[in-house]
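Here is my note on the model you sent, written as numbered points so that you can follow each one with the structure open beside you. Please read them in order, as the later points build on the earlier ones.

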Amino acid sequence: METQPLMEFPRRNIDKRPRKRPRLAWDVGPPIQPPIPPIPKVLPTIYCGQEFGNGALLNYAYSSIYYKGIPHNGSPPRRPDDKDGHYVFAIGETLTLRYRILSKMGEGTFGQVLECLDNETKELVAIKVVRSIHKYREAAMIEIDVLQKLARHDLGGKHCVQIRNWFDYRNHICIVFEKLGPSLYDFLRKNSYRSFPIDLVREFGRQLLESVAFMHDLRLIHTDLKPENILLVSSEYLKVPDYKVTHHLVCLSY
């Protein structure tokens, strides 16, 4: 019987790598956890956020607008806004539990200005509560951007009113300002519109021009400059008949 020689199988195509055995469940290590992102630092002066039902903030990089010493169930009752969209409140109530309403300072086209006590810093502030109408809310957000830009460049607060905080409360944009003295118009009215001495007029003009030039350097234009929008730092600096004047006026009103 004739036998055929066996053909040698080619070895060059054989995978000589050792095969790994399948890993069993007990042999599998713990899953790799993604790194935890660092918590952003809290900004000290200007902070903003939007109120939610649970008291959380939209931007957690900023300080809380809630006073930690008061329980969250102390909010005032919800009331419908008036026919013009103004926020309806009562003296002694709170805004976001941090600010307690002391009085109403004024009312304008965009909303109301309330004198409030900051329960956290024990400081008097002026809060502009914007009407709950879409176009005024949009205008308020533009105003906040401008005020924050001014605050970043006017570190000493020599030219314009300083924004401290802003938040959205029950569909009302609320802007927190430092509490200043009366407007130039109120001062004139309380003094029977008596004319100022020429030296005081020069001082007012100098400070006002410096403030306007400061805004122009930032490519900003004040489109509503009038005595009602010129705030005095303190009424003690302007007295009749002494006419003492402080070193700084502010040219952006509440």
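1. From the N terminus on, the elements of the protein chain follow the order β-β-β-β-β-α-β-β-α-α-β-β, which comes to 3 helices and 9 strands. Please keep in mind throughout that this is a predicted model.

2. Turning to the chain as a whole, 39% of its 254 residues count as buried, and its accessible surface comes to about 16,900 Å², of which 57% belongs to carbon and sulfur atoms. If we take the contacts between residues at least 6 apart in sequence, 52% of them join residues that are at least 24 apart.

3. The next matter is charge. Side chains of opposite charge can pair when their charged atoms come close. In this model the count comes to 14 salt bridges, where the cut-off for the nitrogen and the carboxyl oxygen is within 4 Å.

4. Consider the salt bridge in which the side chains of Arg-98 and Asp-118 meet, with 2.8 Å from N to O. This pair links distant parts of the chain, since Arg-98 sits in the loop between β2 (94-95) and β3 (99-107) while Asp-118 belongs to strand β4 (residues 111-118), 20 residues apart. Are these two residues buried or exposed? Both Arg-98 and Asp-118 are buried. The pairing also extends to a third residue, as Arg-98, Asp-118 and Glu-120 are linked in a network of salt bridges.

5. Another salt bridge joins Glu-107 to Lys-104, and here the closest N and O atoms are 2.5 Å apart. Lys-104 has a relative accessible area of 41%, and because buried means under 20% and exposed means over 50%, Lys-104 is classed as partly exposed.

6. A further example lies within a helix: the side chains of Arg-189 and Asp-186 meet in a salt bridge of 3.1 Å, N to O. How many residues apart are Arg-189 and Asp-186 in helix α2? They are 3 residues apart, about one turn of the helix, and both lie in helix α2 (residues 184-190).

7. For this helical pair, it is worth checking the accessibility of each partner. Arg-189 is partly exposed, with a relative accessible area of 41%, and Asp-186, at 25% relative accessibility, also counts as partly exposed. When you return to the model, please set this pair beside Arg-98 and Asp-118, which are both buried.

How values were computed:
Residues are numbered from 1 along each chain as its sequence is written. This is a predicted model: local features need pLDDT of at least 70, side-chain atom pairs count only at pLDDT 80 or more; totals for chains, interfaces and linings use all residues. Side-chain values use heavy atoms; hydrogens and water are left out. Helices (H or I, at least four residues) and strands (E, at least two) are DSSP runs, numbered from the N terminus. Buried means under 20% relative accessible area, exposed over 50%, partly exposed in between (1.4 Å probe, protein chains only). Contact means heavy atoms within 4.5 Å. Accessible areas come from the Shrake-Rupley method with a 1.4 Å probe; for residues, only the protein chains shown count as cover.
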